[in-house]
Amino acid sequence: MHLTYEILPVDEIEIIRDLCNELMAFQKSKSYITPELFDSMNFDTRLLPSLKSAIYNHIVVVKHSDEPVGYVYSNISPKETYSNDFATFFDLESVSKNHVGCLSQFYIKEEYRQYGIGSKLFSMSREWLETFDDIEDYFIFVSNGNNSALEFYIRKGFTVSHDILGGFITVLRNNSSL
Ligand SMILES: CC(C)(COP(=O)(O)OP(=O)(O)OC[C@H]1O[C@@H](n2cnc3c(N)ncnc32)[C@H](O)[C@@H]1OP(=O)(O)O)[C@@H](O)C(=O)NCCC(=O)NCCS
């Protein structure tokens with residue numbers, strides 16, 4: 001299988017529109033706590049606003065014969081971004097620096113899973129996040145019912161911190177100074 005891994009410039013973000021929308025549909029299909037919250041979540045309402053509110057963005061897209069089949073989106077954002085009308089994702093006081101790193105979206109089409117592509121994308125995300133010396137806290141937010149993703153991140157060194165929104169989201173974190 002000839003795959004390429006490319007850093008996607010933000011002005012070419014449209015090429016992952018369908019994959020992002022598939023991710024939202026996948027998460028809804030797994031969810032058993034307020035799955036209807038996903039009805040308003042899509043490329044336009046989730047990915048584009050995240051790109052705007054973050055100070056640095058990093059998207060890696062994996063292509064098979066020029067066809068996008070997966071991506072990982074990570075960012076560096078002010079910690080206040082995570083306390084908004086939708087939710088307070090974590091106690092801001094528990095983060096000593098002004099900014100946090102987040103692996104924000106991660107999706108691989110079903111027929112490409114279990115070949116190590118996710119592990120490769122995860123490593124590329126982590127390497128990028130670790131280039132920021134002034135970031136200590138890294139977060140991943142996993143929606144309910146997605147236990148395979150939760151276990152994947154735990155195997156990669158993240159720890160379950162707490163649930164928010166009545167269990168709709170599980171917050172995973174990792175602190176580089178620990
Ligand atoms: C979560 C996700 C990104 C992981 O991607 P993936 O490509 O399946 O991940 P990998 O293949 O690297 O690893 C998954 C497991 O497959 C197995 N695996 C990895 N390489 C393998 C290989 N060459 N042969 C057989 N099995 C393999 C391993 O058991 C691995 O477990 P590990 O974490 O202990 O190494 C992917 O499953 C996905 O897109 N899921 C749907 C969307 C989703 O849940 N996104 C996360 C939202 S928070």
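Helix α4 contributes the largest share of the shell around the ligand, four residues. Helices and strands here are DSSP runs numbered from the N terminus, with H or I over at least four residues for a helix and E over at least two for a strand. The model is predicted, so local features require pLDDT of at least 70 and side-chain atom pairs count only at pLDDT 80 or more, while totals for chains, interfaces and linings use all residues. Residues are numbered from 1 along each chain as its sequence is written, and side-chain values use heavy atoms, leaving out hydrogens and water.

At least two residues of the ligand shell come from each of α1 (17-30), β4 (99-108), α3 (117-129) and α4 (147-155). A residue belongs near the ligand if one of its heavy atoms lies within 4 Å of it. There are 18 residues around the ligand, and those that come nearest are Gln114, Gly116, Gly118, Ser119 and Arg155. The shell comprises 10 nonpolar, six polar and two charged residues; Ala, Val, Leu, Ile, Met, Phe, Trp, Tyr, Cys and Pro count as nonpolar, Asp, Glu, Lys and Arg as charged, and the others, including Gly, as polar.

Polar contacts, pairs of N or O atoms within 3.5 Å, can be followed from the ligand to particular residues. A polar side-chain atom of Ser119 is 2.5 Å from a ligand oxygen atom, and an N or O atom in the side chain of Arg155 lies 2.6 Å from an oxygen atom of the ligand. At Phe106 the partner is a polar backbone atom, 2.8 Å from a nitrogen atom of the ligand. The ligand taken alone exposes 930 Å², of which the protein buries 71%, by the Shrake-Rupley method with a 1.4 Å probe.

The ligand occupies the space of the largest pocket, meaning that more than half of its atoms lie within 2 Å of the pocket's grid points. A pocket is an open set of points on a 1 Å grid over the protein atoms alone, where a 1.4 Å probe fits, with protein on both sides within 12 Å along at least five of seven lines; lining residues have an atom within 4 Å of a point. The volume of this pocket is about 1,200 Å³. Its lining has 47 residues, with Leu23, Gln27, Gln105, Phe106 and Tyr153 closest to the centre. Strand β4 gives the most to this lining, seven residues.

Definitions and conventions. A polar contact is a pair of N or O atoms within 3.5 Å; within protein, one must be able to donate a hydrogen and the other to accept it, and residues adjacent in sequence count only if both atoms are side-chain atoms. Grid points are joined across faces, edges and corners, and a volume is the space filled by probe spheres set on the points.
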